[in-house]
Amino acid sequence: MERNHTLKNNAQTLRKNMTKEEAHLWYQFLCRYPLRFRSH
């Protein structure tokens with residue numbers, strides 16, 4: 001599958017520059033998510 005590098009770069013930028021409110025929402029969502037993720 002061909003990947004769009006522009007979308008990937010944009011997604012990485014948005015994740016790195018989350019607002020405090022966005023980070024809080026993601027934290028609450030991922031705490032309840034059945035799978036656990038590890039950061040690199």
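Trainee: In this predicted model, how many of the twelve residues of α1 are buried?

Mentor: Good place to begin! A residue counts as buried when its relative accessible area is under 20%. Helix α1 lies largely in the open, because the number of its twelve residues that are buried is zero.

Trainee: How far apart are the end C-alpha atoms of helix α1?

Mentor: Let's start from what to expect for residues 5–16. At 1.5 Å a residue, the twelve residues should span 16 Å. The model agrees with that, as the end C-alpha atoms are apart by 17 Å.

Trainee: At the start of α1, which residue's backbone nitrogen does a side-chain oxygen of asparagine 4 reach?

Mentor: The side-chain oxygen comes to within 3.0 Å of that nitrogen. A polar contact needs N or O atoms within 3.5 Å. The backbone nitrogen belongs to threonine 6.

Trainee: What kind of aromatic pair do tryptophan 26 and phenylalanine 29 form?

Mentor: These two are three residues apart in helix α2, so about one helical turn separates them. Their rings lie 5.7 Å centre to centre, with 80° between the planes. Planes over 60 degrees apart count as edge-to-face, and this pair is edge-to-face.

Trainee: And what kind of pair do phenylalanine 29 and tyrosine 33 form?

Mentor: Here the centres are 5.5 Å apart and the angle between the planes is 45°. Ring pairs link Trp26, Phe29 and Tyr33 into a cluster. The pair of phenylalanine 29 and tyrosine 33 is tilted.

Trainee: Is leucine 30 buried, exposed or partly exposed, and what is its relative accessible area?

Mentor: Leucine 30 sits in helix α2 and belongs to a nonpolar surface patch that also includes Trp26 and Phe29. Leucine 30 is partly exposed, with a relative accessible area of 36%.

Note on methods. Residues are numbered from 1 along each chain as its sequence is written. This is a predicted model: local features need pLDDT of at least 70, side-chain atom pairs count only at pLDDT 80 or more; totals for chains, interfaces and linings use all residues. Side-chain values use heavy atoms; hydrogens and water are left out. Helices (H or I, at least four residues) and strands (E, at least two) are DSSP runs, numbered from the N terminus. The expected span of a helix is 1.5 Å times one less than its number of residues. Buried means under 20% relative accessible area, exposed over 50%, partly exposed in between (1.4 Å probe, protein chains only). A polar contact is a pair of N or O atoms within 3.5 Å; within protein, one must be able to donate a hydrogen and the other to accept it, and residues adjacent in sequence count only if both atoms are side-chain atoms. Patches are made of residues with over 30% relative accessible area and no salt bridge: like charges are joined within 9 Å, nonpolar side chains (Val, Leu, Ile, Met, Phe, Trp, Tyr) within 5 Å. Accessible areas come from the Shrake-Rupley method with a 1.4 Å probe; for residues, only the protein chains shown count as cover. A salt bridge is a side-chain nitrogen of Lys or Arg within 4 Å of a carboxyl oxygen of Asp or Glu. Rings of Phe, Tyr and Trp (its six-membered ring) pair if their centres lie within 6.5 Å; planes under 30 degrees apart count as stacked, over 60 as edge-to-face and the rest as tilted.
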